[in-house]
Amino acid sequence: MPIKDALIVIDVQNDFCPGGALAVRGGDEVVPVLNRMIDKFAAAGLPIFATRDWHPEKTHHFRAYGGLWPVHCVQGTRGAEFHPGLHLGKDVVVVSAGMLPTEEGYSGFQAVDESGTRLAELLRRKGVERIFIGGLATDYCVKHTVLDGLREGFKVVLLVDAVRAVDLVPGDGERAIDEMVRAGAVKGVSSDDLPA
Ligand code: VGL
């Protein structure tokens, strides 16, 4: 039996794209790359998940309440919407993270679907063994999701042409990629053929 794959698109939301409240340089450049992957996974009938940062107005995650970040991705706002160019068809399951005022919510593995089911459980129910990950941002949500995915026992392919970094300190993105690879992630690019 071939290994069962899933795609996880991390936080491709307006606030992380140019013009957004916490814009990641080149954040919108991941959209066409991830769309090709979404189309490929959908055509193959493989599961696709999109995580979103989905914060309350007041959270320890925001600078005004003791956190690191400007206000971003507040539930129901335009900044929290997915980038309008992202191919979010009926095949894509949305999972939300960072909903508690005490939670940073960096990892997609903290995210839950509409019924409150966590990502790891959703993946296991579908028999997924390997996850392909791309999105925003390399040095935060992508990194935490990759490391948690490995801890949860999944094989992880990091789509290096489909991520961009916040780079609060220059080089954070590259260091995050090194850390993910050291932990066991494999680097892939979106043009690679999916295994049959
Ligand atoms: C993220 C910084 C703050 C991310 C979320 O999605 O990577 N980064 N909150």
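These legends walk through four close-up views of a predicted model.

**View 1. The ligand and the residues around it.** Start with the ligand, which sits in the largest cavity. Its surroundings are made up of Asp11, Phe16, Leu22, Asp53, His61, Trp69, His72, Tyr106, Leu136, Ala137, Tyr140 and Cys141. Sorted by class, this shell contains eight nonpolar, two polar and two charged residues.

**View 2. Polar contacts of the ligand.** Here we look at individual atoms of the ligand and their partners in the protein. One contact involves the side chain of His61, where an N or O atom is 3.2 Å from a nitrogen atom of the ligand. The side chain of His72 also takes part, with an N or O atom 3.3 Å from a nitrogen atom of the ligand. With Leu136 the partner is a polar backbone atom, 3.4 Å from an oxygen atom of the ligand. On its own the ligand has 260 Å² of accessible area, and the protein covers 100% of it.

**View 3. Backbone geometry at two spots beside the ligand.** Most residues other than glycine have a negative phi, and most peptide bonds are trans. Asp11 is not a glycine, yet its phi is positive, at about 50 degrees. You can find Asp11 in the loop between β1 (5-10) and α1. The second spot is the peptide bond from Leu136 to Ala137, which is cis, with omega near -10 degrees. Ala137 belongs to the loop between β4 and α3 (138-151). Both Asp11 and Ala137 are among the residues that surround the ligand.

**View 4. A pair of aromatic rings.** A pair of aromatic rings is described by the distance of the centres and the angle of the planes. The structure holds four aromatic pairs. One of them joins Phe41 and Phe132: the ring centres are 5.5 Å apart and the planes meet at 65 degrees, so the pair is edge-to-face. Phe41 is in helix α1 (residues 30-43) and Phe132 in strand β4 (residues 130-136), so this pair links distant parts of the chain, 91 residues apart.

Definitions and conventions: Residues numbered from 1 in each chain as written. Predicted model: local features only at pLDDT ≥ 70, side-chain atom pairs only at ≥ 80, totals over all residues. Heavy atoms only, no water. Near = heavy atom within 4 Å. Polar contact = N/O pair within 3.5 Å; in protein donor to acceptor, adjacent residues only side chain to side chain. Areas by Shrake-Rupley, 256 points an atom, 1.4 Å probe, with all protein chains shown as cover. 1 Å grid on protein atoms, 1.4 Å probe; cavity = no way out; pocket = protein on both sides within 12 Å on 5 of 7 lines; lining within 4 Å. Sits in = over half its atoms within 2 Å of the grid points. Nonpolar A, V, L, I, M, F, W, Y, C, P; charged D, E, K, R; others polar. Phe/Tyr/Trp six-rings, centres within 6.5 Å; stacked < 30°, edge-to-face > 60°. Helix = DSSP H or I, 4+ residues; strand = E, 2+ residues; numbered from the N terminus.
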